[in-house]
Amino acid sequence: GNFSHIVSNLDKSIEFYRDVLGLELTAPPAPFSPNPAIMKLGNTIGAQSHIAVMKIPGSAMGLELIDYKDIDRKPANPRFQDSGAGNLAILVKDVEVVAARLKKAGAHILTAAGSPVDIQGREKGFFAQDPDGFVVEVTQLTPLPPAAADTPGNVFGASVEITIADTDQTVKFYRDLLGFQLRVGDSFNANKLMADTAGTPGAQFRQSSGNIPGTSVRLTLIEFKGIDRKPLNTRVQDPGTAILQLRVHDVDGLVKKLKAGGGTVISTGGEPVTVGTRRLAIVRDPNNLFLELLPAE
């Protein structure tokens, strides 16, 4: 499925991801509308929402930007080190072009140098934040992989980065309950250049990663230490909230398994809901990342 970001102003977010980063808007977003089934899915009773779907060139995953109204909302303003922060990492052919656009747009650059940084001669990149605080990592690999030539435009791929509170707890959740095969980081990395580039000076970080089962989309789990951290505790409608869609074979069966394993069902009534002819559910993982479970196509 797609990677969703809850935003405070859909038009402003579209401009950022389309005009600054280079993603593609698949269709003009429909106006705000009330949908009782969608309200039950995210437990956003009474709210109206509208959505923009962005295509990420070179990736099987899309980015969904969702805006709500007629419901209480509290912006999360996530920081990279806060557990529950869900971030997008994009691969580009020319990182300097994106950096120039971001600066012109007045985006907040997290990287201490204020511009792309060379990392061990293997890549050049930087970190920035979108209008709602979501972190975007922009990377140019050296040399460019063959896939870059097969994709028009500057962007040619993307992955998902989730900041977590505890590696062992989170890996157990994703491995035992969802079947992810993750390479678990053995220790914390204290590389100063990398921490400064990520906008987390003085921090150490531990990374674990693997592909989302059945896809080529990579998921990286990052645990920080040595820096102030405040776990996110957002609701579906709050700007700054991230939702990762997963297609599964048995939504109802998996929901029971996740509840038994410590997951929290957000959907109204604590059970999957029927949307059209499909059963869907939104579950909170141990870090406040929301997982939207969709039936496999």
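**Exercises on pockets, a cavity and salt bridges**

In the second largest pocket, the lining residues comprise 13 nonpolar, 7 polar and 4 charged ones. Here Ala, Val, Leu, Ile, Met, Phe, Trp, Tyr, Cys and Pro count as nonpolar, Asp, Glu, Lys and Arg as charged, and the others, Gly among them, as polar. The model is predicted: local features need pLDDT of at least 70 and side-chain atom pairs pLDDT 80 or more, whereas totals for chains, interfaces and linings use all residues. Residues are numbered from 1 along each chain as its sequence is written, and side-chain values use heavy atoms, without hydrogens and water.

**Exercise 1.** Describe the second largest pocket by its volume and by the residues nearest its centre.

*Solution.* Step 1: recall the term. On a 1 Å grid over the protein atoms alone, a pocket is an open set of points with protein on both sides within 12 Å along at least five of seven lines; a cavity is a set where a 1.4 Å probe fits but cannot get out; lining residues have an atom within 4 Å of a point. Step 2: state the volume, which is about 450 Å³; a volume is the space filled by probe spheres set on the points, and grid points are joined across faces, edges and corners. Step 3: inspect the lining. It has 24 residues, and I38, I51, E64, I66 and E292 lie nearest the centre. Step 4: name the elements. Two or more lining residues come from each of α2, β4, β5 (62–69), β14 (242–248), β17 (278–284) and β18 (290–295). Helices (H or I, at least four residues) and strands (E, at least two) are DSSP runs, numbered from the N terminus.

**Exercise 2.** Determine which strand gives the most to the lining of the largest pocket.

*Solution.* Step 1: the largest pocket has a volume of about 880 Å³. Step 2: of its 36 lining residues, E123, E137, S159, E161 and T220 are the closest to the centre. Step 3: β11 gives the most, with 5 residues. Step 4: the lining divides into 18 nonpolar, 13 polar and 5 charged residues.

**Exercise 3.** Characterise the lining of the largest cavity.

*Solution.* Step 1: the structure holds 1 cavity of 30 Å³ or more. Step 2: S33, N35, I38, M39, T44, A47, Q48, S49 and Y68 line the largest cavity. Step 3: α2 (36–42) and β4 (48–55) are the elements that give two or more residues to this lining. Step 4: the lining consists of 4 nonpolar and 5 polar residues, with no charged ones.

**Exercise 4.** Examine the salt bridges of K124 and of K259, and state how exposed the partners are.

*Solution.* Step 1: a salt bridge is a side-chain nitrogen of Lys or Arg within 4 Å of a carboxyl oxygen of Asp or Glu. The whole structure contains 13 of them. Step 2: K124 and E96 meet at 2.8 Å, N to O. This pair links distant parts of the chain, with K124 in strand β9 and E96 in helix α3 (residues 95–105), 28 residues apart. Step 3: consider accessibility, where buried means under 20% relative accessible area, exposed over 50%, and partly exposed in between (1.4 Å probe, protein chains only). K124 is partly exposed because its relative accessibility is 27%, and E96 is partly exposed at 38%. Step 4: K259 and E271 form a salt bridge of 3.0 Å, N to O. K259 lies in helix α7 and E271 in the loop between β15 (264–265) and β16 (273–275), so the pair ties together parts 12 residues apart in sequence. K259, at 39%, is partly exposed, and E271 is partly exposed at 38%.
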